[in-house]
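Biologist: Hello! Could we look at this model together and talk through its pockets, its ligand and its sheet?

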Amino acid sequence: MVFLFYSLSLQHIRIRNFRCLGDVSLDLDPNVNLFFGDNGSGKTSFLESIYFLGRGRSFRTRQARKLIKYGEKGFSIFSSIYKSRSDSSLGASFSEEGIRRQIDGNVKIKPLEMALFLPVYVLDPNSQFLIEGGPTTRRQFLDLGVFHVEPDYLVYWKEYRRVLSQRNAAIKRKENFKIWNEAYIAAGEKVNQSRKKYIKGIINQIDKIDEGLIKKKIGISYHQGWDDNISFEEAVDLSEKKDVMMGVSSLGPHRADLMIQLDSRNTKEVISRGQQKLITIGLVLAQVMSLPKEKQKYSLLLIDDLAAELDIGTLERIFLLLETITSQIFITGLSKHFLPIKNQKYPMFHMEQGII
Ligand SMILES: Nc1ncnc2c1ncn2[C@@H]1O[C@H](COP(=O)(O)OP(=O)(O)OP(=O)(O)O)[C@@H](O)[C@H]1O
Ligand SMILES: [Mg+2]
């Protein structure tokens, strides 16, 4: 992997009182960082702290106070950052006063600004909900992906959610809900078009990596939330009676889903745990790879317990793929030899009881 001048990477990170991490201070590699340690040593907590820095929340809990080290009053994460040849810094903390974020010392930072500044992608055991979970998980995957490629998407998405809830309220109150149709159709079309465009990019990437990853064909198709052969306007028109009967807007982008197949078989049918994990890895890697080249260099990829459930050959192939990605990557595993890498190119950090 080559060092890229026009890129973003965390150079140094300082974590205070985040879960079991009392005081961690680390210099990081701009490309790949490997962490190993026994169960409960703090590997996931470390990734979680980086995720918190970018997203302002955890991927394990919605309650930030649960992230505070037992017996302490707050936590903080601070990172000096190398960004396009210049130095920058990013911080997030949580205490009784709530969450505070800062970029380059500026403390009036909104969560969205943070998310755009530091796009973080994560692969952990929960990511398998993408396959075995309900449509909401897949819509979130889709929406987050579109947002990072097309930041304005959030405006359409919020508008759609707003109009949808007004329209639903009107249906419930048995009022004239049709007055909302024009705005509902316009916002719904925008959300749908952006998602469709995005999913095309994901399919392109999946087509390039599925053979190498799983030696089978991963198929993805997008179901827009109504009959794929008609426009949203027609669908809204046709579903009026059903909407009244059900007391809710029964069709639309809020009902969209992704169908994921392996060699033309639905992945909800029998596939092995390892295959499930590989498809999930494929989806998240495709998401990172489909970012415009510039943005890929500005994102982080966190992979928790990569080696679990995967054979050596598969791990080797995944690692080759990872080396083509320009994001800064953090990978955890149980033992020093969790990855089949011959020459130790990348730093390997040992974790023990919250100490690195
Ligand atoms: N708020 C907290 N304060 C202090 N310790 C905590 C807090 N929340 C969790 N822990 C502890 O932190 C330890 C590390 O957990 P973590 O999930 O990071 O370990 P891990 O290295 O990922 O383990 P595994 O290999 O089993 O996945 C656990 O013993 C957990 O009980
Ligand atoms: Mg863990």
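Modeller: Happily, and one definition comes first: Ala, Val, Leu, Ile, Met, Phe, Trp, Tyr, Cys and Pro count as nonpolar, Asp, Glu, Lys and Arg as charged, and the others, Gly among them, as polar. This is a predicted model, where local features need pLDDT of at least 70, side-chain atom pairs count only at pLDDT 80 or more, and totals for chains, interfaces and linings use all residues. Residues are numbered from 1 along each chain as its sequence is written, chains are lettered from A and ligands numbered from 1 in the order in which they are written, and side-chain values use heavy atoms, leaving out hydrogens and water.

Biologist: How many nonpolar residues are in the lining of the largest pocket?

Modeller: On a 1 Å grid over the protein atoms alone, a pocket is an open set of points where a 1.4 Å probe fits, with protein on both sides within 12 Å along at least five of seven lines; lining residues have an atom within 4 Å of a point. Here 38 residues line the largest pocket. Its lining has 10 polar and 9 charged residues, and the nonpolar ones number 19.

Biologist: Which helix gives the largest share of that lining?

Modeller: Helices are DSSP runs (H or I, at least four residues) and strands are too (E, at least two), numbered from the N terminus. Several elements each supply at least two lining residues, including helix H1 (43-55) and helix H4 (135-149). The largest share, 8 residues, comes from H4.

Biologist: How far is a polar side-chain atom of Ser 45 from an oxygen atom of ligand 1?

Modeller: A residue is near a molecule if one of its heavy atoms lies within 4 Å of it, and 16 residues surround ligand 1. A polar contact with the ligand is a pair of N or O atoms within 3.5 Å. For Lys 43, a polar side-chain atom lies 2.7 Å from a ligand 1 oxygen. For Ser 45, the distance is 2.5 Å.

Biologist: Which strands stand at the edges of the open sheet?

Modeller: Two strands pair if DSSP finds at least two bridges between them. The sheet has 3 strands in the order S8-S9-S10, with antiparallel pairing. Each edge strand has a single partner, so one side of each is left without a neighbour in the sheet; these are S8 (218-223) and S10 (265-266).

Biologist: Which residue in S10 is the bridge partner of Gln 261?

Modeller: Strand S9 (residues 257-262) is joined to S10 by 2 bridges. The S10 partner of Gln 261 is Asn 266.

Conventions: A polar contact is a pair of N or O atoms within 3.5 Å; within protein, one must be able to donate a hydrogen and the other to accept it, and residues adjacent in sequence count only if both atoms are side-chain atoms.
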